[in-house]
Amino acid sequence: MDGVGWGIVGYGWVARDYMEPGIRAAGHRLVAVCDPNPDSRAAAEGAGARSHADLAGLITEPDVEAVYVATPNHLHRGAVEALAAAGKAVLCEKPMAATLVDAEAIVRAVEAHNIFYGTAFDQRHHPAHRAIRAQVETGRLGIVTAVRIVYACWLGRDWSEAGQPNWRIDAAQAGGGALMDLAPHGLDLVEFLIGEPITTIAALTQTRAQDYAVDDGALLIGRTAGGALASLHVAYNCPDALPRRRLEVVGTKGMLVAENTMGQTAGGALVFIDGASGRPDPLAFDPESSPFTEQVRAFGSALRRPEERAAWSAARDLHTMRLVARAYGQG
Ligand SMILES: NC(=O)c1ccc[n+]([C@@H]2O[C@H](COP(=O)([O-])OP(=O)(O)OC[C@H]3O[C@@H](n4cnc5c(N)ncnc54)[C@H](O)[C@@H]3O)[C@@H](O)[C@H]2O)c1
């Protein structure tokens with residue numbers, strides 16, 4: 001496939017450290033970025049891209065076929081609405097938006113302009129997670145009864161990557177705390193792994209160890225329409241040196257345990273534990289390819305082949321935002 005020409009809106013941490021390398025590794029091209037911050041624009045130019053201070057400049061770039069939106073959450077809506085009106089394909093970072101109202105507006109814009117849209121749930125594309133889905137589909141686990149996820153980190157008040165301000169602890173910009181930032185990955189992943197969306201959800205949040213107002217931890221419990229249970233522990237108050245990225249899919253014939261696969265990087269470990277013998281059977285997957293590289297490949301492939309676009313769904317992503325709102329006791 002000829003490489004897709006990408007634009008990026010918001011060239012901060014995730015764009016620089018994960019998306020730009022993913023675009024390169026997939027054999028695509030980063031054509032241009034837009035970012036009001038001169039340091040971010042300089043970083044983009046250092047990566048060989050043209051840079052614009054505003055979105056209008058990026059939109060006029062004829063070689064930009066697909067645009068990745070990676071601004072702070074409250075700015076997703078405005079960017080996606082403008083890009084949709086310009087007819088660009090959009091891959092927008094999670095959470096879809098800082099509020100459910102903004103996420104609904106995004107879906108309206110996508111539908112009104114009939115653009116190809118995906119929310120950047122990169123965890124769907126981690127090779128280990130694809131392997132889990134394949135194992136579930138073969139029936140090796142028997143009846144899947146539960147998915148258990150731990151996805152946590154330490155995010156103090158002064159946390160900063162790529163020299164950016166810590167907007168994550170500001171409810172107006174982020175839409176919430178650890179639950180808003182980290183839980184969407186797991187909520188979406190449950191549907192991807194076992195093919196059943198969560199339909200019922202409850203959660204408890206805490207603001208316990210950090211000195212800011214948004215939640216620094218949450219426990220969520222969910223159930224799919226078919227009766228599988230899900231639990232998610234997400235946190236900003238877990239030291240990074242502790243075990244903090246774990247995914248288990250439990251079935252009547254065995255379980256799969258993935259360690260250190262949740263997150264932006266390649267690698268981790270995956271093992272099947274047999275339900276009869278208790279014997280562990282390590283499973284191989286591509287340890288080199290990051291979820292971002294695979295996400296770029298999948299989005300680019302669907303851009304070229306519309307028949308693959310069914311794997312991307314703004315309506316499904318809006319459902320995930322509804323679950324997040326319900327978990328916060330809203331909606
Ligand atoms: N999928 C993942 O694993 C993952 C990881 C990290 C971040 N994210 C998501 O990516 C998004 C960005 O997060 P981050 O940590 O990279 O943030 P960041 O603060 O590091 O970078 C944000 C960038 O957006 C720029 N920006 C601000 N206003 C803008 C505007 N109006 N137009 C264009 N650019 C603007 C900033 O100058 C900055 O360069 C968030 O939605 C976050 O939730 C996802």
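Q: At 56% relative accessibility, does Arg24 count as buried or exposed?
A: In this predicted model, the relative accessibility of Arg24 is 56%. Exposed means over 50% relative accessible area, so Arg24 counts as exposed.

Q: With which residue does Arg24 form a salt bridge?
A: The closest N and O atoms of the pair are 2.9 Å apart, and a salt bridge asks for a side-chain nitrogen of Lys or Arg within 4 Å of a carboxyl oxygen of Asp or Glu. The two partners are four residues apart in helix 1 (residues 13–25), which means that about one helical turn separates them. The partner counts as buried, at 8% relative accessibility, and the residue that forms this salt bridge with Arg24 is Glu20.

Q: How many salt bridges does a search of the whole structure find?
A: Side chains of opposite charge can pair when their charged atoms come close. The pair of Arg24 and Glu20 is one such salt bridge, and a search of the whole structure finds salt bridges to the number of 21.

Q: Which residue forms a salt bridge with Asp281?
A: The closest N and O atoms of this pair are 2.8 Å apart. The pair links distant parts of the chain, 141 residues apart, with Asp281 in strand 14 (residues 280–282) and its partner in the loop between helix 6 (127–138) and strand 7 (144–152). Asp281 counts as partly exposed at 30% relative accessibility, and the partner is partly exposed as well, with a relative accessible area of 28%. The residue that forms the salt bridge with Asp281 is Arg140.

Q: Which residues are joined into one network with Glu259 by salt bridges that share partners?
A: The side chains of Glu259 and Arg246 meet in a salt bridge, at 2.9 Å from N to O. This pair links distant parts of the chain, since Glu259 lies in strand 12 (residues 254–259) and Arg246 in strand 11 (residues 245–251), 13 residues apart. Glu259 counts as partly exposed at 39% relative accessibility, and Arg246 is partly exposed with a relative accessible area of 32%. Through salt bridges that share partners, the residues joined into one network with Glu259 are Arg148, Arg246 and Glu248.

Q: Is helix 8 parallel or oblique to helix 10?
A: The axes of helix 8 (residues 178–194) and helix 10 (residues 314–327) come within 10 Å and cross at roughly 130°. Angles over 145 degrees count as roughly antiparallel and those from 65 to 115 as roughly perpendicular, so helix 8 is, relative to helix 10, oblique.

Q: How many nonpolar residues has the contact of helix 8 with helix 10?
A: Helix 8 brings residues including Leu179, Met180 and Pro184 to the contact, while helix 10 brings residues including Leu323, Val324 and Ala327. By class, the contact has one polar and four charged residues, and the number of nonpolar residues is seven.

Q: Which residue follows Lys94 across a cis peptide bond?
A: The peptide bond from Lys94 has omega near -15° and is cis. The residue on its other side is found in the loop between strand 5 (89–92) and helix 5 (100–113), and this residue is Pro95.

Q: What is the phi of Asn260, a residue other than glycine?
A: Asn260 lies in the loop between strand 12 and strand 13 (269–274), where it is partly exposed with a relative accessible area of 37%. Although Asn260 is a residue other than glycine, its phi has a positive value, near 60°.

Definitions and conventions. Residues numbered from 1 in each chain as written. Predicted model: local features only at pLDDT ≥ 70, side-chain atom pairs only at ≥ 80, totals over all residues. Heavy atoms only, no water. Helix = DSSP H or I, 4+ residues; strand = E, 2+ residues; numbered from the N terminus. Buried < 20%, exposed > 50% of the residue type's maximum accessible area, 1.4 Å probe, protein only. Axes fitted to C-alpha atoms, helices over the stretch in contact; angles between N-to-C directions. Parallel < 35°, antiparallel > 145°, perpendicular 65-115°, else oblique. Contact = heavy atoms within 4.5 Å. Nonpolar A, V, L, I, M, F, W, Y, C, P; charged D, E, K, R; others polar.
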